[in-house]
Amino acid sequence: MIYLAPIQGLTDRIYRNLFPVYFKGVDVAIAPFISSVRKMKPATNLLKELHPGKNTGIPTIPQITSSNPDDFIKLSNALYDIGCGTVNWNLGCPFRLVVKKGRGAGMLCYPDRVESFLEKTMPAIKPNLSIKLRIGLRYSDDILTLIPIFNRFPLTELIIHPRTAEQMYDGDVDLAIFQQCLGLSKHRVVYNGDIDSVEKFKMLARRFGSIDRWMIGRGLIANPFLAEEIKFQTEKPYAEKSKILRDFHDNLFAEYDKVLSGPAHIVNKMKEIWTYFGGFLHDREKIRKKINKIHHRDNYLDIVNKIFQETQVSERESGE
Ligand SMILES: Cc1cc2nc3c(=O)[nH]c(=O)nc-3n(C[C@H](O)[C@H](O)[C@H](O)COP(=O)(O)O)c2cc1C
C-alpha cells in the first residue's frame, strides 16, 4: 500500500481530490495537521475540509497536533462524528513554534508525557488512532524509549520518518534505528522518508522485507506517477507524463482560483506547489528559477505555457 504523506500547504483537499483523476497507485492519504484548540466548534471550516463526503479522491485520515488530552479528545470525537474512523496524532512536526509548545516532535523526548497523553485519550476517543512520528527531537534514539509505551496501547499503526526534528528534511534517514524500531514494535509500521524513485523504493523494500506500507511525500509531488511506477513497474513516455501533469496543473489552478481571493493569492499558492511540483521535468532548476520570479497572474500563466511547450519540444529533440 502507498500512502500520500501530509505536506502542509500542498496536499490539501483540492489536491487530494484531483490527484486520482490523473494518477494511480496511491491508496490512502494523511491530511496535513490541524491543531486541537480549545472551544473548537464541530462546524468549523477545518472540520468541513476533512468531511469524508468532501474528500472523494484519496481516502483521507485527518491528523492532529496536540499536547492537551482534553482538546484532542474533543476534536477526535468531532472528526469521528463526521465519519472519520481513524485519526492520526502528529509526533513529528519539527517547526520551532510547534516544538516550543511541546507538540509535534517537541514531545518525543518526554516519554512520560506521551504515556500520560495516551492513557487519558485512548479510552475516551471514538476513532482508531495511528501515530506519525520522527525518531527523536535531537537524538535519534528517543523513539526506542517510546515504542515499548506505544506497545501497551491499541494503535492501528506507527508511521515512522527516521530523521530527528533537528535534521528537518535534510541529511540521511537513519535506517539502522528504523530497523531497531521494527524489532521492538508490536504495531504495524509504515516507512516514510526520501522515497523519490523506483530504485530507492526497491532498495528499501529489499532491506525491510516485512514492510508492505510506504508513505511518500515530496517524491510524489515531484513525480506524481511514482506510485504507479512502483506498483505496476512501467513508466509512461516523458511527453505523455508532462501532458498529464499539465492537465493536472490546469485543473489545480482552476480549483484554487475559485476559492482563493485575489490574483496574488493564486500565484503564491501555485509558487508554493512548484517547490516540489514537476520534479521529473527536464531543466527542473531553470523552471524553478523562472517560477520564483513571477508576481502576476497573467505572467504566471504565460510562463507555465512556455514551460510545458518546451517539455514537448525537448521530448521531440531528444527523440525519446
Ligand atoms: C512543507 C512540508 C510540510 C509538511 N507538513 C506535514 C504535516 O502537516 N504533517 C506531517 O505529519 N508531516 C508533514 N511533513 C512531513 C512529511 O509528511 C514527510 O514525513 C516528510 O516530508 C518525509 O517524507 P518524504 O521524504 O517522502 O517527503 C511536511 C513536510 C514538508 C516538506
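Let's start with Asp 194, which counts as partly exposed, with 18 C-beta neighbours inside 10 Å. Keep in mind, please, that what we have on screen is a predicted model. You can find Asp 194 in the loop between strand S7 (188-192) and helix H8 (198-207). Its phi is near 70°, a positive value in a residue other than glycine.

There is another residue to look at along those lines. Gln 233 has a phi near 60°, again positive and again not a glycine. Gln 233 sits in the loop between helix H10 (226-232) and H11. Is Gln 233 buried or exposed? Exposed, because just 9 other C-beta atoms lie within 10 Å, and the cut-off for exposed is 12 or fewer.

Now follow the chain from that loop into helix H11, residues 238-259. Which way does H11 run relative to helix H1, residues 13-22? Their axes come within 10 Å and cross at roughly 150°. Anything over 145 counts as roughly antiparallel, so that is the label for H1 and H11. The crossing of this pair is right-handed.

If you want to click through the contact, on the H1 side you'll pick up Ile 14, Tyr 15, Leu 18 and Tyr 22. Facing them from H11 are Ile 244, Asp 247, Phe 248, Asn 251, Leu 252, Glu 255 and Tyr 256. Sorted by type, this contact has eight nonpolar residues, one polar and two charged.

Let's stay with H1 for a moment. Which of its residues are buried? They are Arg 13, Tyr 15, Arg 16 and Phe 19. These buried residues cover an arc of only 165° around the axis, so they lie on the same side of H1. As a reminder, an α-helix has 3.6 residues a turn, so residues three or four places apart point the same way. And what do the buried residues of H1 pack against? The partners are strand S1 (2-4), strand S2 (28-35), helix H2 (45-50), strand S3 (60-65) and our friend H11.

One last helix pair, and then I'll hand over. Helix H5 (residues 111-121) and helix H6 (residues 142-150) have axes that come within 10 Å and cross at roughly 20°. That angle is under 35 degrees, so H5 and H6 are roughly parallel to each other. Their crossing is right-handed. Here Pro 111, Val 114 and Glu 115 of H5 meet Thr 145, Leu 146 and Ile 149 of H6. The residues in this contact split into four nonpolar, one polar and one charged.

Thanks, everyone!

Key. Residues numbered from 1 in each chain as written. Predicted model: local features only at pLDDT ≥ 70, side-chain atom pairs only at ≥ 80, totals over all residues. Axes fitted to C-alpha atoms, helices over the stretch in contact; angles between N-to-C directions. Helix = DSSP H or I, 4+ residues; strand = E, 2+ residues; numbered from the N terminus. Parallel < 35°, antiparallel > 145°, perpendicular 65-115°, else oblique. Left-handed = near helix turned anticlockwise from the far one by under 90°. Contact = placed C-beta atoms within 7 Å. Nonpolar A, V, L, I, M, F, W, Y, C, P; charged D, E, K, R; others polar. Buried ≥ 20, exposed ≤ 12 C-beta atoms within 10 Å, placed from the backbone. Arc of directions from axis to C-beta.
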